[in-house]
Amino acid sequence: MRNRIVAGNWKMNKTFEEAEGLVFEIVDFLEENEIINTEVVICPPALYLELASDAAVESQVEIGAQNVYARESGAYTGEISAPMLQSMEIAYCIIGHSERRKYFKESNELLAEKVIACLNNDIRPIFCIGETLDEREAGNHFKVVEDQLNEALFNLSSGEFQNIVIAYEPVWAIGTGVTATSAQAQEMHAYIRSLLAGKYGSDVADQTRILYGGSCNALNAAELFSNPDVDGGLIGGASLIGHDFIEIIKSFPDAS
Ligand code: PGA
């Protein structure tokens with residue numbers, strides 16, 4: 001069975017003290033409650049990675065970055081490299097989030113470089129793909145997702161690909177309160193898995209975790225996660241509230 005993942009993407013939220021409180025709320029919960037077959041990942045703003053990483057030492061919580069630059073070091077003012085993340089024992093990095101694609105004009109070509117930078121430094125990418133509302137309404141959603149995979153990930157070898165986590169995040173569902181229906185999520189996740197099987201074979205496809213993201217919350221997570229091809233979630237807004245995020249962590253029927 002695939003180990004599931006519930007990852008919290010805090011985006012650009014929380015002061016230092018708020019971040020500290022939230023991280024410890026989750027770490028403390030997992031110290032007192034055994035959640036099985038589920039990895040819990042917190043992706044705070046880069047400024048708080050050290051705080052989160054220290055708090056999570058010896059806990060079940062793993063820490064992820066929200067972004068990374070593709071180069072190893074050098075004159076790139078304001079950027080953070082994969083070797084820096086590795087030196088702080090950061091396990092995951094979100095790559096290709098629709099907000100980075102939209103506001104920072106990140107192309108699949110750049111994202112492919114970021115993926116390689118992470119893999120070269122033992123950081124597992126959580127690679128985001130998903131269509132806009134216009135693309136879905138035009139019936140192009142499968143094609144969009146296929147193109148994103150082809151252009152950003154399918155240059156990887158099968159060995160490299162085994163470290164990739166996919167997050168399917170329909171752009172129209174992110175931060176909108178409109179969630180994909182359980183059937184829409186399962187349909188797309190099964191399609192993505194079929195593409196992985198076509199490219200890398202069924203063993204790799206069966207092992208790859210495919211997360212759902214987009215207005216996933218404490219009320220709808222259980223239904224979304226009950227689908228056979230949904231291996232957890234990338235959670236934005238609801239990950240900012242400790243109680244809600246913990247409810248989502250508990251949402252797999254066999255989690256405890
Ligand atoms: P949301 O964000 O849960 O607030 O919709 C998800 C994401 O952007 O990863």
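**Contacts, cores and cysteines in the predicted model**

His97 touches Asn9, Lys11, Cys128, Glu169 and Ile174, leaving out residues up to four places away in sequence. The structure described here is a predicted model, and His97 offers a convenient way into it. This histidine sits in the loop between β4 (92-95) and α4 (98-103), yet His97 is buried, with a relative accessible area of 4%. Its side chain takes part in polar contacts as well. One of them runs to the backbone nitrogen of Glu99, at 2.9 Å, and another, of 3.3 Å, joins the side chains of His97 and Glu169.

Cys128, one of the residues that His97 touches, leads on to the cysteines. How many disulfides does the model contain? The count comes to 0. For Cys128, which is in no disulfide, the nearest cysteine sulfur is that of Cys43, 9.3 Å away; a pair of cysteine sulfur atoms would have to lie within 2.5 Å to be counted. Cys128 has a relative accessibility of 1% and so counts as buried. Cys216 is likewise in no disulfide, and the nearest cysteine sulfur to it, that of Cys128, is 14 Å away. With 4% relative accessibility, Cys216 also counts as buried.

Attention now turns to the nonpolar interior. In soluble globular proteins, nonpolar side chains tend to be buried together. Here the largest nonpolar core holds 72 residues, of which Leu153, Phe161 and Ile192 touch the most other members. Helix α1 (residues 16-32) gives the most to this core, contributing 7 residues. Apart from this core lies another, of 13 residues, which include Cys43, Ala91, Ile94 and Ile126.

Helix α1 deserves a closer look. This helix has 17 residues and reaches 24 Å from its first C-alpha to its last, close to the 24 Å expected at 1.5 Å a residue. Which residues of α1 are buried? They are Ala19, Leu22, Val23, Ile26, Val27, Phe29 and Leu30. Seen down the axis of α1, these buried residues fall within an arc of 160°, so they line one face of the helix. The spacing fits a simple rule: an α-helix has 3.6 residues a turn, so residues three or four places apart point the same way. On the other side of α1, Glu17, Glu31 and Glu32 are exposed. The buried residues of α1 pack against two strands, β2 (38-43) and β3 (61-65), and against two helices, α2 (49-56) and α12 (242-249).

Back in the largest core, Leu153 makes contacts with residues from several parts of the chain. Not counting residues up to four places away in sequence, Leu153 touches Val115, Phe127, Gln148, Phe161, Ile164, Ile166 and Tyr200. The last of these, Tyr200, lies in helix α9 (residues 182-200) and is buried, with a relative accessible area of 12%. With neighbours within four places in sequence left aside, Tyr200 is in contact with Leu153, Phe154, Leu156, Ser157, Ser158 and Phe161. Where does the side chain of Tyr200 make a polar contact? It reaches the backbone oxygen of Leu156, at 2.7 Å. Tyr200 and Ser157 are 43 residues apart along the chain, while their C-alpha atoms are separated by 8.3 Å.

Methods
Residues numbered from 1 in each chain as written. Predicted model: local features only at pLDDT ≥ 70, side-chain atom pairs only at ≥ 80, totals over all residues. Heavy atoms only, no water. Core = buried A, V, L, I, M, F, W, Y, C linked by side-chain atoms within 4.5 Å. Buried < 20%, exposed > 50% of the residue type's maximum accessible area, 1.4 Å probe, protein only. Helix = DSSP H or I, 4+ residues; strand = E, 2+ residues; numbered from the N terminus. Contact = heavy atoms within 4.5 Å. Expected span 1.5 Å × (residues − 1). Arc of directions from axis to C-beta. Polar contact = N/O pair within 3.5 Å; in protein donor to acceptor, adjacent residues only side chain to side chain.
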